[in-house]
Amino acid sequence: MIQKYFWDLNKEALKETERAIKDIKHPKFLMRMVTLLSRCDKPKELFSIISKKDFIKIWPKIKTYWLKVERISDFRDWWETIYEQLLEKYQHKYKNAKGLSPDFFLNFGKSIRQARISKGLSQKQLALSIGMKQPDISKIEEGKKNITLYTLMRLSKILELKRIDIS
């Protein structure tokens, strides 16, 4: 099945890619996963190659690598949504998959929401002002989206936040 997504590789490179994708510690794992995820839009096929548990565990690293090699990607955003849905569905099994408790995200989201409302901004207005989409703002406020430091800085600047209480 893997050759379906790596049509541009010769037989030897395809064998190495199969080994890389089966081993999350392989030096080419992230690079090959980004290629695979850029070409695959069928979660069922992906999860026949890599388990959901491994995907949940490794997605933050894949996403970080992907952001380095490709700043804008609809496929990455789509797989991020799949990741968030899986994380929510299996939260009881992988409660600390990101190393932070769900309470952290909920409290952070409430702080962002309060600051946005006190500024008189809608979610859409805030999203436009920092270059995001409104559903992402909604997910942040619901505590369902982990954000980068860069996004935190943009939010803080627009909302004029000096401190965020997350306790």
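Helix 2 is a good place to start in this predicted model, with Phe29, Arg32, Met33, Val34, Leu36 and Leu37 all buried within helix 2. If you follow these buried residues of helix 2 outwards, you find them packing against helix 1 (11-22), helix 3 (43-49), helix 4 (52-69) and helix 5. Helix 2, which covers residues 29-39, is also where the confidence is highest, at a mean pLDDT of 94. Among the helices, the lowest mean belongs to helix 5 (residues 74-89), at 86.

One stretch deserves some care as you look around: over residues 95-100 the pLDDT is below 50. Beyond near neighbours in sequence, residues 95-100 have 10 contacts in the model. Where pLDDT is low, the predicted coordinates should not be read in detail. For the protein overall, the average pLDDT is 86, and 92% of the residues score at least 70.

Now step back to the whole chain. The protein has 9 helices and 0 strands, so reading along the sequence gives the pattern α-α-α-α-α-α-α-α-α. Its C-alpha trace spans about 60 × 30 × 25 Å along the principal axes. Of the 167 residues, 38% count as buried. Contacts between residues 24 or more positions apart make up 58% of those with a separation of 6 or more.

Further along the chain, helix 7 and helix 8 offer a pair to examine closely. Two packed helices are described by the angle between their axes and the distance between the axes. Helix 7 (residues 123-130) packs with helix 8 (residues 134-141) at an angle of about 110°, and their axes are 8 Å apart. Because angles of 65 to 115 degrees count as roughly perpendicular, helix 7 is roughly perpendicular to helix 8. On the helix 7 side, the residues that meet helix 8 are Gln123, Lys124, Leu126, Ala127 and Ile130; helix 8 brings Gln134, Ile137, Ser138 and Glu141 to this contact. Sorted by class, the contact of helix 7 with helix 8 holds 4 nonpolar, 3 polar and 2 charged residues.

Let us finish with a single residue, threonine 151, found in helix 9 (residues 149-159). Is threonine 151 buried or exposed? Its relative accessibility is 8%, so threonine 151 counts as buried, the cut-off being under 20%. The side chain of threonine 151 also makes a polar contact, at 3.1 Å, with the side chain of arginine 154.

How values were computed
Residues are numbered from 1 along each chain as its sequence is written. This is a predicted model: local features need pLDDT of at least 70, side-chain atom pairs count only at pLDDT 80 or more; totals for chains, interfaces and linings use all residues. Side-chain values use heavy atoms; hydrogens and water are left out. pLDDT is the predictor's confidence in each residue, from 0 to 100. Helices (H or I, at least four residues) and strands (E, at least two) are DSSP runs, numbered from the N terminus. Contact means heavy atoms within 4.5 Å. Axes are lines fitted to C-alpha atoms, for helices over the stretch in contact, and angles run from 0 to 180 degrees between N-to-C directions. Angles under 35 degrees count as roughly parallel, over 145 as roughly antiparallel, 65 to 115 as roughly perpendicular and the rest as oblique. Ala, Val, Leu, Ile, Met, Phe, Trp, Tyr, Cys and Pro count as nonpolar, Asp, Glu, Lys and Arg as charged, and the others, Gly among them, as polar. Buried means under 20% relative accessible area, exposed over 50%, partly exposed in between (1.4 Å probe, protein chains only). A polar contact is a pair of N or O atoms within 3.5 Å; within protein, one must be able to donate a hydrogen and the other to accept it, and residues adjacent in sequence count only if both atoms are side-chain atoms.
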